[in-house]
Amino acid sequence: MKSVTIVGASLAGLSSARALREQGFDGTITIIGDEIHRPYDRPPLSKQFLKGVDDGLALETDDDTGLDVDWRLGVSAVGLDPTGRDVTLADGSHVRSDAVVIATGASAIRLFDGTRGVHALRSLDDAIALRAELTPGTRVVVVGAGFIGSEVASTAVELGCQVTVVEASASPLERVFGAHIGGLVAAWHGRGGATLRTGTPVSGLTSLGGRVTAVELADGTNVPADVVVIGVGSRPNTEWLNGSGIELAGGVVTDRRGMTSIPGVSAVGDCAAVRDSFGVVVREEHWTAAATRPAVAMKVLLGTSDDMFSGVPYVWSDQYHSRIQFAGHQSPECLADIVEGDPAIGPFVAVYRRAGDPVAVLAVSSPRSFGKWRRQLST
């Protein structure tokens with residue numbers, strides 16, 4: 001193998017380039033990115049960056065100067081001929097190589113595009129636009145109480161905004177934490193200084209002169225808004241692969257080694273949907289997966305290993321001056337117990353068990369206990 005094309009100038013893309021070089025690959029590495037920016041860290045965008053802290057976004061370090069990458073930035077991939085490993089770019093050019101790594105990530109679901117004051121948050125440019133509008137006294141409505149929505153709400157409160165969070169489900173983060181624990185953590189928003197409205201979907205917006213003035217809820221309520229942030233999830237960036245023959249199902253389907261249905265083509269990061277040993281396809285949109293799984297996938301791509309992904313999923317979030325950590329997989333049949341602390345007043349730890357065995361742990365501002373339970377999940 002003499003050349004590898006990585007489509008996606010992301011954490012997963014950069015991690016893939018690093019892994020290739022660490023495995024001794026000395027051929028040509030081309031990284032294609034639709035943004036003009038070199039790889040940057042996304043988690044700070046909803047937190048420190050919105051508060052005006054610009055440091056710490058760049059993912060590249062001094063050690064990366066030796067990667068010898070051919071960067072193609074500001075142009076998106078629009079097609080792939082997997083037989084010839086030929087990537088077609090939006091400017092009409094082609095990049096042909098011996099192997100392709102798909103690391104195109106995901107895009108925020110955007111609603112009410114075209115109305116001024118309405119934002120989604122996924123990219124650096126999104127964050128720059130939103131930051132300019134979060135001034136003290138601004139009425140901010142956040143649609144969606146997932147991780148991104150909750151982090152933006154927390155940051156907006158710190159910036160002096162009047163914040164309302166609207167969530168269609170009965171409780172925040174219900175899909176991640178389950179209904180019981182989700183109901184307990186609903187109090188975070190109120191204690192933090194935001195208003196939370198659950199169980200009522202958004203039906204539309206009102207505007208004046210093209211600028212949003214309120215969010216309309218399905219129950220007929222209007223919530224006044226100067227700024228609206230849409231945080232209702234993301235979609236994997238896979239449209240450019242339609243017709244390529246690569247299996248797509250909620251993402252680019254891979255095995256547990258990161259290999260797609262086409263030999264010589266790998267997928268990692270937020271766009272990848274991994275088929276587990278039970279045949280279930282899961283897309284894990286987490287920083288840790290994008291940072292660690294390329295090391296396994298690139299060894300397999302080069303033929304130096306046949307290892308599979310290991311470890312349990314892990315995600316963290318900073319909200320209302322609390323560090324939230326979650327590891328493992330919970331499902332409706334799990335029973336969740338509070339094993340430490342009290343969710344009503346502060347830090348706590350919840351353990352999820354299936355048939356008596358711990359399969360997931362949630363900790364709020366309890367890093368030491370989280371580490372102890374996470375190690376038990378790993379074993």
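**Rings in contact: a chat about the aromatic pairs**

Modeller: F326 and Y352 are both buried, a term for under 20% relative accessible area, with exposed over 50% and partly exposed in between (1.4 Å probe, protein chains only). This is a predicted model, where local features need pLDDT of at least 70, side-chain atom pairs count only at pLDDT 80 or more, and totals for chains, interfaces and linings use all residues. Residues are numbered from 1 along each chain as its sequence is written, and side-chain values use heavy atoms, with hydrogens and water left out.

Colleague: Thanks! Why is W287 called partly exposed?

Modeller: Its relative accessible area is 34%, which lies between the 20% and 50% limits, so the term fits. W316 is partly exposed too, at 23%.

Colleague: And what makes the rings of F326 and Y352 an edge-to-face pair?

Modeller: Rings of Phe, Tyr and Trp (its six-membered ring) pair if their centres lie within 6.5 Å; planes under 30 degrees apart are stacked, over 60 edge-to-face, the rest tilted. Here the centres are 5.8 Å apart and the planes at 80°, so the pair is edge-to-face. Ring pairs also link F326 and Y352 with F147 and F177 into a cluster.

Colleague: How many aromatic pairs does a search of the whole structure find?

Modeller: The search finds 6. One of them is W287 with W316, edge-to-face at 5.8 Å centre to centre and 70° between the planes.

Colleague: How do you know that R131 lies over the face of F49?

Modeller: A charge counts if NZ of Lys or CZ of Arg is within 6 Å of the ring centre and within 35 degrees of the ring normal. R131 is at 4.1 Å from the ring centre of F49, over its face.
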